[in-house]
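Here is a model to question. Each term used for it should be backed by a value.

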Amino acid sequence: MARSRQEPLGGAHQTETGDTDALPVSGFGHGLSLWSRAWDRLLRKRIAVGAMVILSILYLGGIFAPLLSPYDYNAQDFSTRNEAPSLAHPLGTDWLGRDQFTRVLWGLRTTVIITVTSVLSGALPLGLLIGTASGYFGGKFDNAVMRVGEIFLAFPGLLLVILLAATVKPRVVDMARALEDWGNFRGLVSSGFPDYLVVFGSLAAFAWVGMARLVRSQVLYLRQAQFVDSARAAGASTWRIMIVHILPNSLGPVIVSVSMGMGAAAGSEVVLSWLGIGIQPPNPSLGRMLYEYGSISILRQYPHLIIFPAAAVSILIFAWNLLGDALSDVFNPRTR
Amino acid sequence: MFTYIVKRLLWTPFLLLAVSFITFFLSLYGPGDPIQVLLGQHRDPDVVARIKAQRGLDRPFLEQYGRYIWNAVNGDLGESIKFRGQPVGELLASKVWTSAKLAVVALLIGLAVGIPLGILVANKQGTALDPLVVSISLFFSSLPVFITAPFLLLVFVIWLKLMPSAGWAGDMADPRLLLPALVMALPSISAIIRLMRASTLEVLGQEFVRAARAKGLTEMAVQSRHVARNALIPVITVVGLSLGTLVEGAFITETIFGIPGVGRLAVDSLFARDYPVIMAMTLLIAVSFVTANLLVDIAYAFLDPRIRYS
């Protein structure tokens, strides 16, 4: 296992820098792989480490929101409305007296779930699969994939996502209702599950294109590399060449684009909810909070309300962008 | 190169057809009936049937689509449903102008801030200023429009009381144009700084810059006449062509600031299921995206002789 991973990685290093002592042909890794070297370089960047620490805090906070939140996100208390931060309510309370800290935490949970599902389980595998196949096989298949990709790119992204979310959602809700009736799934619709599914689906449907094009261009370049030729000469099968030799080598830029894509997905989820077609109240979402607190009358009276959801969203996106920036330095041989 | 351009141009109509088909399909099979939105709760089945027949909404899907495309090619984009029969073409034309003004001001702000900062940072490479400016600009470009907008409103309108909150008088001299334009410019400022920085660094390493310094030109003259002028070429090309991406920022910005432009129209028509307008909007944006992409590809090929299209 370790052997098959290190072999192509040494190859990437060799093709990019012309460093000949890491020749991949033998298949025996020499000490550090490209991954551990990249990881070392990343850890030496203070900004990258900071971004990773912040991201872990935000993601852990979001995932464990049910355990961490001191209140119920929907518990209203009219005696404590629009309060400034205090010991009982560390981030204050909103216009229904709900605890802001709890709501921001649960809103983060929504955003965090959507970024992970739509990028890591949607765009990434789809883009990797389609991009690798398209670049490796070329010809008609490649042509078809690229043309379909162009159609997606010709759409204004946000408009397509809005259109998808607005038109597909009622059908998903219907299906969820039917599922509730058929099996014994109580509260599937009220849990907001269809909302999550629709937002995830429409983001993933759009995000695979960029990933596939990126992977394809990498594969096109790697396909002609010497270590692929030698693998072919050694009699490796197409699948082996694709999975063992080409795919791992194309991952550097992909990791950079995943990092940037996570920030973008977070932004899109918040936009959708901001527009009122994402996660529906009473399920807490940062986009909805920003919409409500961003109106001029609330801003005038309770400007403190908007600060925490805004901070949560911007820190999340900023941290992903910083990490992506650092990663692209790490993986780009020219900027070392 | 020539065959490449011809190929791309021949493919464009099919691309637009595909885009229009998907949009038409989604808006027709989506939930919510535009006639219901139009008539509100006082709808009468007879009236609904009459309006449907009048607008050809009772015909089969493909016939409706075919008719739409035929009319669109002949310059008739149909009539808005929400704005009671106003031709979509006219409706769009008035809004496009408003959005264009906003976009131009946003772009000018972006260039005016981004280019000098990019040059400055490139010349200070290796000092603390370089990473500082780059990361601050990255921070501002990470802020979504719906976060910067309320904060700018809070500071400039509520605390400093420098300008009225929102609205639109329709001319460039209106101070109310500045805030939304700034909101839209913020994301592009970072991109311009980084582009300008990279391209200035590349020019600074060239022989002719050393030659200009060697013949005793002042640093000002070297920077303005030799470095900036050459470094600007790729930046202007990319920025000029990325105007299309400003459209997305316009959706939210125009909605927040109450500006009657294309972005606001798009959001409004989506909620009103006013699909003749949605169709026209999507096509308009698709055309501009496709043209911009084509121009960028061609521009790159001319600027960078290493790129070959076959």
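The questions below concern a predicted model.

Q: How do you know which helix of chain A has the lowest confidence and which the highest?
A: Compare the mean pLDDT values. Helix α1 (residues 2-17) of chain A is lowest, with a mean of 40. Helix α3 (residues 46-63) of chain A is highest, at 90. The scale runs from 0 to 100. Chain A as a whole averages 77, and 82% of its residues score at least 70.

Q: Over which residues of chain A is the pLDDT below 50, and how many contacts does this stretch have beyond near neighbours in sequence?
A: The stretch is residues 1-29 of chain A. In the model, it has 44 such contacts. A contact requires C-beta atoms within 7 Å.

Q: What makes up the secondary structure of chain B?
A: Chain B has 13 helices and zero strands. A run needs at least four residues to count as a helix, and at least two to count as a strand.

Q: What makes a residue of chain B buried, and what percentage of the chain is buried?
A: The test is 20 or more other C-beta atoms within 10 Å of its own. Of the 310 residues in chain B, 32% are buried.

Q: How is chain B divided into domains, and how many residues does each give to the contact?
A: Domain 1 of chain B covers 23-88 and domain 2 covers 89-303. Domain 1 gives 18 residues to the contact, domain 2 gives 15. On the domain 1 side, α1(B) supplies the largest share, four residues. That side divides into nine nonpolar, six polar and three charged residues.

Conventions: Residues numbered from 1 in each chain as written. Chains lettered and ligands numbered in written order. Predicted model: local features only at pLDDT ≥ 70, side-chain atom pairs only at ≥ 80, totals over all residues. Domains from an automatic or database assignment. Contact = placed C-beta atoms within 7 Å. Nonpolar A, V, L, I, M, F, W, Y, C, P; charged D, E, K, R; others polar. pLDDT = per-residue confidence, 0-100. Buried ≥ 20, exposed ≤ 12 C-beta atoms within 10 Å, placed from the backbone.
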